[in-house]
Amino acid sequence: MKKVLFCAYNLDVGGIENALINLLNNFNYDKYDVTLILEKKEGIFLNRLNKKVKVEEYKVSESKNILLRKFKNLGKRIIWLIKNYHKYDFSCCYATYSLPCNVLSKYASKNNLFYIHSNYSFIYDSENLKKFFDERKIEKYKNIAFVSNESREDLIKYYPSIKQNSYVINNLVNYEKIEEMSNEKIEEEKISDLLFVFVGRLEEHSKKISRMISVISKIENAALWIIGDGKDRKKYENMIKNISNVKLLGLRENPYPYIKCADYVILTSDYEGFPVVYNEAIVLNTPIITTLNLSDDYISIKDRFGYIVSKDENAMLSEIKNIIKYHNLKMEKVDFKKINSSRIEKIESLIEGGK
């Protein structure tokens, strides 16, 4: 039985966390002995994780004393590496941004994988992007996985050497669970002719939720429900105080009934990897309106599952009004069972040491 290690930050509500749960819950535990190391062993998704996964915590010091913090963290890292250096047959850094996850996964196995869930060319300028990935020693990883073609292509421009060992392997989709949970009743009533729903982290820098609030507030007989939590929640609460057709519903462990009853799922982000909510909307046959024209190893959004709109608010408003007026999109049927099987096979081939 091969020993497999995954490293992540926590299992709280979020796209990466949900994707990790779906992946680990589809493993063949007759073949693999799986350990999950979390920086913080917390989050509402912990109880959804397969009980065969061993969950450990690697908690770093957050002391305000810089020297003390560095000393403690260095000591902890050395002890861990002495015990676990090349101990595993396969290791994966699933949380791109986490330095502890990066270090542990890189040295836990020679056969390691670095997962990249966003398009960092939009997050950083050229200098800081190089600094970010140089610090994580991206070129030292045996394999690198991306969730979209666009994020892979953009990073290869900076690191041509990774082209041959990088792949687009998007997240698994728990389509049966999504369909089942979408039938749960919700308290909120749909009282407008048109309902737009956003599900995600409440963070303005990348998500630009202020755009959708501004635009949807100007569309007659339309409503917007915003589901999620994050550091900019207060900003949005203040923004919608005098807007009657926009509701901030907060965190929902089960967002699927909201997606199902929506006329459109909406995202107005500046950048993403491949949003998990795209797949959730496709499962529930809800059209997508988005500023991001993305594709993964099987799915592209434009003209198949949704509409691409401008990031400029005035143009976006005009385009959404036209979508509403002339909407005739017929959502394609997707065989997620086949897609999941293909992605698991690809990951298992990497675990076995192949390409």
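Two strands pair if DSSP finds at least two bridges between them. Helices (H or I, at least four residues) and strands (E, at least two) are DSSP runs, numbered from the N terminus.

Welcome to the exercises. You are looking at a predicted model, in which local features need pLDDT of at least 70, side-chain atom pairs count only at pLDDT 80 or more, and totals for chains, interfaces and linings use all residues. Residues are numbered from 1 along each chain as its sequence is written, and side-chain values use heavy atoms, with hydrogens and water left out.

**Exercise 1. Find the neighbours of strand β5 and say how the chain gets there.**

Step 1. Start with strand β4 (residues 90-93), which is joined to β5 by three bridges and runs parallel to β5. Cys92 is the residue that stands opposite Leu113 in β5.

Step 2. Follow the chain from β4 through α3 to β5: this β-α-β crossover is right-handed. Right-handed here says that, with the strands pointing away from the viewer, the path from the first strand over the helix to the second runs clockwise.

Step 3. Now look at strand β6 (residues 143-146), which is parallel to β5 and shares four bridges with β5. In β6, Ile144 is the residue opposite Phe114.

**Exercise 2. Decide whether the two faces of β5 are covered or open.**

Step 1. You need the cut-offs: buried means under 20% relative accessible area, exposed over 50%, and partly exposed in between (1.4 Å probe, protein chains only).

Step 2. In a regular strand the side chains alternate between the two faces of the sheet.

Step 3. Sort the residues of β5: Asn112, Phe114 and Ile116 lie on one side, Leu113 and Tyr115 on the other, and all are buried. Both faces are therefore covered, and five of the five residues of β5 are buried.

**Exercise 3. Describe the surroundings of Ser105.**

Step 1. Locate Ser105 in helix α3 (residues 99-108).

Step 2. Check its accessibility: because its relative value is 0%, Ser105 counts as buried.

Step 3. List its contacts, where contact means heavy atoms within 4.5 Å. Leaving out residues up to four places away in sequence, Ser105 touches Cys7, Ser91, Cys92, Cys93, Asn112 and Tyr141.

Step 4. Look at the side chains of Ser105 and Tyr141, which make a polar contact of 3.0 Å. A polar contact is a pair of N or O atoms within 3.5 Å; within protein, one must be able to donate a hydrogen and the other to accept it, and residues adjacent in sequence count only if both atoms are side-chain atoms.

**Exercise 4. Tell the two sides of helix α5 apart.**

Step 1. Pick out the buried residues of α5 (residues 126-135), which include Leu129, Phe132 and Phe133. These three sit on the same side of α5 because they cover an arc of only 85° around the axis. The arc is that of the directions from the helix axis to the C-beta atoms.

Step 2. Turn to the other side of α5, where Glu127 and Lys131 are exposed.

Step 3. See what covers the buried residues: β5 (112-116), α4 (120-123) and α6 (149-156) are among the elements that do so.

Step 4. Move just past the end of α5, where Lys137 takes a positive phi of about 50°.

**Exercise 5. Map the six-stranded sheet.**

Step 1. Write the order: β10-β9-β8-β11-β12-β13, an open sheet with parallel pairing.

Step 2. Mark the edges, β10 (246-250) and β13 (306-308): each has a single partner strand, so one side of each lacks a neighbour in the sheet. From one strand to the next, the twist averages 25°.

Step 3. Zoom in on β9 (residues 222-227), which has four bridges to β10 and runs parallel to β10. Ile227 has Gly250 as its bridge partner in β10.

Step 4. Add helix α9 (residues 209-216), which lies across β8 (194-199), β9, β10 and β11 (264-267), at about 160° to β9. For such angles, axes are lines fitted to C-alpha atoms, for helices over the stretch in contact, and angles run from 0 to 180 degrees between N-to-C directions.

**Exercise 6. Compare two loop residues, His86 and Asp303.**

Step 1. Place them: His86 is in the loop between α2 (66-84) and β4, while Asp303 is in the loop between β12 (288-290) and β13.

Step 2. Read phi: His86 is not a glycine, yet has a positive value of about 55°. Asp303, also a residue other than glycine, has a positive phi near 65°.

Step 3. Classify their accessibility: His86 is partly exposed at 32%, whereas Asp303 is exposed at 57%.
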